[in-house]
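I opened this one to see how the pieces fit together. These are my notes, in the order I looked things up.

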Amino acid sequence: MTASAGQRAEHNTAADYPALWPVATRWDDNDHYGHVNNVTYYSYFDTAVNGWLMSTTGVDIRDLPAIGVVAETSCRYRRELSFPDRLQVGLSVEKLGTRSIVYSLALFRESDEDELQLAATGRFVHVYVDATTRTPVTIPTEIEAAARTLVVPS
């Protein structure tokens, strides 16, 4: 798939992502129609990004003087999910700025054949702000170093 001017090509396989983070579906993720409700996909993205950051940096990111607040999210749904599906979230960084990080994400369903099936792709923007004043600040060093490992050429 090629990208038009100003857009990044979408990555569709687990190999396109430098990191994978496991996320479990829960019984209450399913809605009345028997599949994972659309808003829950955003929770999976948020859990994966923050869990990966904490694991990779070895720091409880909630204790840093600057925090990443979500400024933008999007999700493109590809495949229905349902409890008890096992999931992996693919993480990459589309853009690493001085005050913000743009993540490119994918949600994969683990199959019985040990394959990862694309269920959704998403975008997640963290803007870093002072934990007290909520004014924009530079990305903390620990976060910037970790995010750098996820940068993928467009």
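**Entry 1: salt bridges**

I began with the charged pairs and got a count of eight salt bridges. I keep in mind that this is a predicted model.

I looked at Arg-26 next, and its salt bridge with Asp-29 has the closest N and O atoms 2.8 Å apart. Are the two partners buried or exposed? I find Arg-26 partly exposed, with a relative accessible area of 46%. Asp-29 comes out at 2% relative accessibility, so I put it down as buried, the limit being under 20%. I also see that this pair belongs to a network of salt bridges linking Arg-26, Asp-28 and Asp-29.

My next pair was Glu-72 and Arg-123, whose side chains meet in a salt bridge at 2.5 Å, N to O. Glu-72 sits in strand S2 (residues 66-77) and Arg-123 in strand S5, so the pair ties together parts that are 51 residues apart in sequence. Both ends are partly exposed in my readout: Glu-72 has a relative accessible area of 38%, and Arg-123 has 25%.

I then checked Glu-144 and Arg-148, which form a salt bridge at 2.2 Å, N to O. These two are four residues apart in helix H2 (residues 141-148), which means about one helical turn separates them. I noted Glu-144 as partly exposed, at 22% relative accessibility.

**Entry 2: the sheet**

In what order do the strands of the sheet run? I read the order as S1-S3-S4-S5-S2, five strands in an open sheet with antiparallel pairing. The edges are S1 (19-24) and S2, each with a single partner strand, so one side of each has no neighbour in the sheet. Neighbouring strands are turned by 30° against each other on average, direction ignored.

I went through the pairings of S4 one by one. With strand S3 (residues 86-96), S4 pairs in the antiparallel sense over nine bridges. In that pairing I find Gly-90 opposite Ala-106 of S4. The link from S3 to S4 is a hairpin of three residues.

With strand S5 (residues 116-130), S4 again pairs in the antiparallel sense, over 11 bridges. I wrote down two of the opposite pairs here: Ile-101 faces His-126 in S5, and Phe-108 has Leu-118 of S5 as its bridge partner. The hairpin of S4 and S5 has five residues between the strands, and Asp-114 in this hairpin takes a positive phi near 60°.

Why do I call S4 largely enclosed by the rest of the structure? Eight of the 11 residues of S4 (residues 100-110) are buried, so that is how I describe the strand.

**Entry 3: helix H2 on the sheet**

I turned to how H2 sits. H2 lies across S3, S4 and S5, and I get an angle of about 105° between H2 and S3.

Which residues of H2 are buried? I list Ile-143, Ala-146 and Ala-147. Looking down the axis of H2, I see its buried residues fall within an arc of 95°, so they line one face of the helix. The face turned away from that buried side carries the exposed residues Thr-141 and Arg-148. I had already met Arg-148 as the salt-bridge partner of Glu-144.

What do the buried residues of H2 pack against? My list reads H1, S3, S4 and S5.

**Entry 4: Thr-57**

H1 came up in that list, so I looked at one residue there. Thr-57 lies in helix H1 (residues 38-57). I found two polar reaches from its side chain: the Thr-57 side chain comes to the backbone oxygen of Leu-53 at 2.7 Å, and to the backbone nitrogen of Val-59 at 3.1 Å.

What does Thr-57 touch, leaving aside neighbours within four places in sequence? I get Glu-142, Ile-143 and Ala-146. Ile-143 and Ala-146 are also on my list of buried residues in H2.

Note on methods. Residues are numbered from 1 along each chain as its sequence is written. This is a predicted model: local features need pLDDT of at least 70, side-chain atom pairs count only at pLDDT 80 or more; totals for chains, interfaces and linings use all residues. Side-chain values use heavy atoms; hydrogens and water are left out. Buried means under 20% relative accessible area, exposed over 50%, partly exposed in between (1.4 Å probe, protein chains only). Two strands pair if DSSP finds at least two bridges between them. A polar contact is a pair of N or O atoms within 3.5 Å; within protein, one must be able to donate a hydrogen and the other to accept it, and residues adjacent in sequence count only if both atoms are side-chain atoms. Contact means heavy atoms within 4.5 Å. A salt bridge is a side-chain nitrogen of Lys or Arg within 4 Å of a carboxyl oxygen of Asp or Glu. The arc is that of the directions from the helix axis to the C-beta atoms. Axes are lines fitted to C-alpha atoms, for helices over the stretch in contact, and angles run from 0 to 180 degrees between N-to-C directions.
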